[in-house]
Amino acid sequence: MTSETGVEATAGAKHRATGRPMSTGRAGDRIFSGAARGSGIFVLALMAAIAVFLIWKAIPALQKNEASFLTTEEWNPNAIPPKFGIAQLAFGTVVSSFLALLIAAPVAIGIALFISFYAPRKLTGLLGYVVDLLAAVPSIVYGLWGLYFLSQHMEGVSKILNTLLGWIPFFGGSPGKNSIFTASVVLAIMILPIISSISREVFLQVPQANVEAAQALGATRWETIRMAVLPYGRSGMIGASMLGLGRAMGETIAVAMVLTFVPGINIHLLEDGGATFASNIANSFAEAGETGRGALIASGLVLFVITLVVNMAARAVVARRKEFV
Amino acid sequence: MSAVSSPAKRTPTLGSVSSARKLKDRLAQGLVYVAFLLALIPLVSVLWTVVGNGIKRLDAQFFQFSMNGVSGKDAGGGAYHAVVGTLEQVLITSVIAVPIAVLTAIYLVEYGANGRLARLISFFVDVMTGIPSIVAGLFVLAMWLLTLGIMKEGAGFAGSLALAILMIPTVVRATEEMLKLVPNDLREASYALGVPRWRTICFVVLPTALTGILTGVMLAVARVMGETAPLLLVIGFTKAINTNPLEGPQGSLPTFIWDQASDPNQNAIDRAWTAALTLILIIMLLNIAARLVARRHRPGSR
């Protein structure tokens, strides 16, 4: 259909175009380009509107708040007087997503290297598709799997980590199933595909000359990768990891299902409990009154700003790479 | 390289690789293979558990009945209301998001000419792909439900609005890629015949890129279909069938899973698994269909 339709459409358009004066075409042009431009501007306006409405709806609740919004750990916006703060949520979000990144980044880059340089050429497309399938699984399914399957198996892993590394505060305490650690593992699985697919794109851009130069010097495959590929792809991989970090921070449902809420910051990451911005919104929305909703919107605003900054930085890093090419 | 390094000799000569370097090479190779296998474990495990647990309730009843009057501990019940809700919401989402996204992509490729506005839009479309889904839900909640004060109990349409925010950037990116693949010769041929620009775009460029855009839309639909967080905030909750997306709470598959999974009764958990299986099946079908469409036609393949 591709080419034929194109030709037919051209012929048809010619037919109609010759039958009419050019001016109608210009009016059509104006309307159409206006619509295209308008849609583009609409997208920008949408981003601005998200910020404006979140701020607007957060302010009344913040004014009623009796506690410091930034440093308080408890979340009781429905109490009288309302007291809520994001300290625990910020801690949970940052720790769980960085831990997820720590687990996912090496594996994802390994996958990208495998598909780009080690796997048979014929299988490249198929293997890439298999990894992308991980991204096609909805987060609610990861949540269900994490809650009823993974967390049962994580208990043993957590206990081993606890006995081996218990002297480090993060691994101390009494290990449980629904810990920040378990949530991080689920998050790591969810951000694998995005990090590996962007890393693969970067590896594809590595100039063939660099690779061949390394090979001409007698480098082994690993040495070629270390000398020619990784230095070239460094900023791309950093950008990809930051995008993964942004995803992990905003992930809601899987975390909300896996974590059991226990109030208070707990640095023992293997113990049950913890909450993130997103999981807290999902979990406490049902019981939230007016102030409660405002408070959740306020915490959502903080999440929005954090992910916005992370994403913009990541895009800037990836874009800088493009300019070098 | 391997052909050169294969003969192991005692005295290092030109072309031989020391055993330490060879060991490092093998080690790296092993690690990279392990990384790939590590990624397969969760994929296989997720699919295995979902199919294994979901198959129990994958019966006709599940697709013919809602949960109306069925409590968590009861056997039976179904997800008819959820399937209907999800399909309606996703359809409305596509109707809202696709025109805006395609027009934006047209602006970026055909009109923007890499100017300041185009670069700004392009950058923010990229940033938009990273908006957490829950924030999209909060935005619709703040704007639609709390400010305008309509659909206070939630409605399917509000869910569609939130999903549209998540769908727009992916469709813009996919469409942009496809429009860039359309050979410039086609445009020039059309201009040479005196065809106005907008007609060239509508009748030459878009038809050429159509299948690619369709693929992108289907993949975006598949992605959006599994989103739970925004729906949780804005579509309300109901166990009954509601086919009207504009009024009253509406069900959806993701929120159905969320609700049933939080119920401690085994019957409810079984329903959650079956709903998850249903969701995955729909998404996989969309994915496969998208790949088939993409394989059949590619712009610029002429």
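Into which domains is chain A divided? In this predicted model, chain A comprises domain 1, covering residues 2-64, and domain 2, covering residues 75-324. The C-alpha centres of domain 1 of chain A and domain 2 of chain A are 35 Å apart. Contact between the two involves 9 residues of domain 1 of chain A and 10 residues of domain 2 of chain A. On the domain 1 side of this contact in chain A, 7 residues are nonpolar, none is polar and 2 are charged.

A helix pair in chain A can be described in similar terms. Helix α4 (residues 124-136) of chain A and helix α6 (residues 180-204) of chain A have axes that come within 7 Å and cross at roughly 140 degrees. Because of this angle, α4(A) is oblique to α6(A). The crossing of α4(A) past α6(A) is left-handed. Residues of α4(A) in this contact include Val131(A) and Leu134(A), while those of α6(A) include Ile189(A), Leu192(A) and Arg200(A).

Between chains, 77 residues of chain A are in contact with 86 residues of chain B. Helix α2 (residues 22-64) of chain A supplies 19 residues, the largest share of the chain A side that touches chain B.

The table gives the residue classes for each contact.

| Contact | Nonpolar | Polar | Charged |
|---|---|---|---|
| Side of domain 1 of chain A that touches domain 2 of chain A | 7 residues | no residues | 2 residues |
| Contact of α4(A) with α6(A) | 7 residues | 3 residues | 2 residues |
| Side of chain A that touches chain B | 48 residues | 22 residues | 7 residues |

How values were computed
Residues are numbered from 1 along each chain as its sequence is written. Chains are lettered from A and ligands numbered from 1 in the order in which they are written. This is a predicted model: local features need pLDDT of at least 70, side-chain atom pairs count only at pLDDT 80 or more; totals for chains, interfaces and linings use all residues. Domain bounds come from an automatic or database domain assignment. Two residues are in contact if their C-beta atoms, placed from the backbone, lie within 7 Å. Ala, Val, Leu, Ile, Met, Phe, Trp, Tyr, Cys and Pro count as nonpolar, Asp, Glu, Lys and Arg as charged, and the others, Gly among them, as polar. Axes are lines fitted to C-alpha atoms, for helices over the stretch in contact, and angles run from 0 to 180 degrees between N-to-C directions. Helices (H or I, at least four residues) and strands (E, at least two) are DSSP runs, numbered from the N terminus. Angles under 35 degrees count as roughly parallel, over 145 as roughly antiparallel, 65 to 115 as roughly perpendicular and the rest as oblique. A crossing is left-handed if the near helix is turned anticlockwise from the far one by less than a right angle, and right-handed if clockwise.
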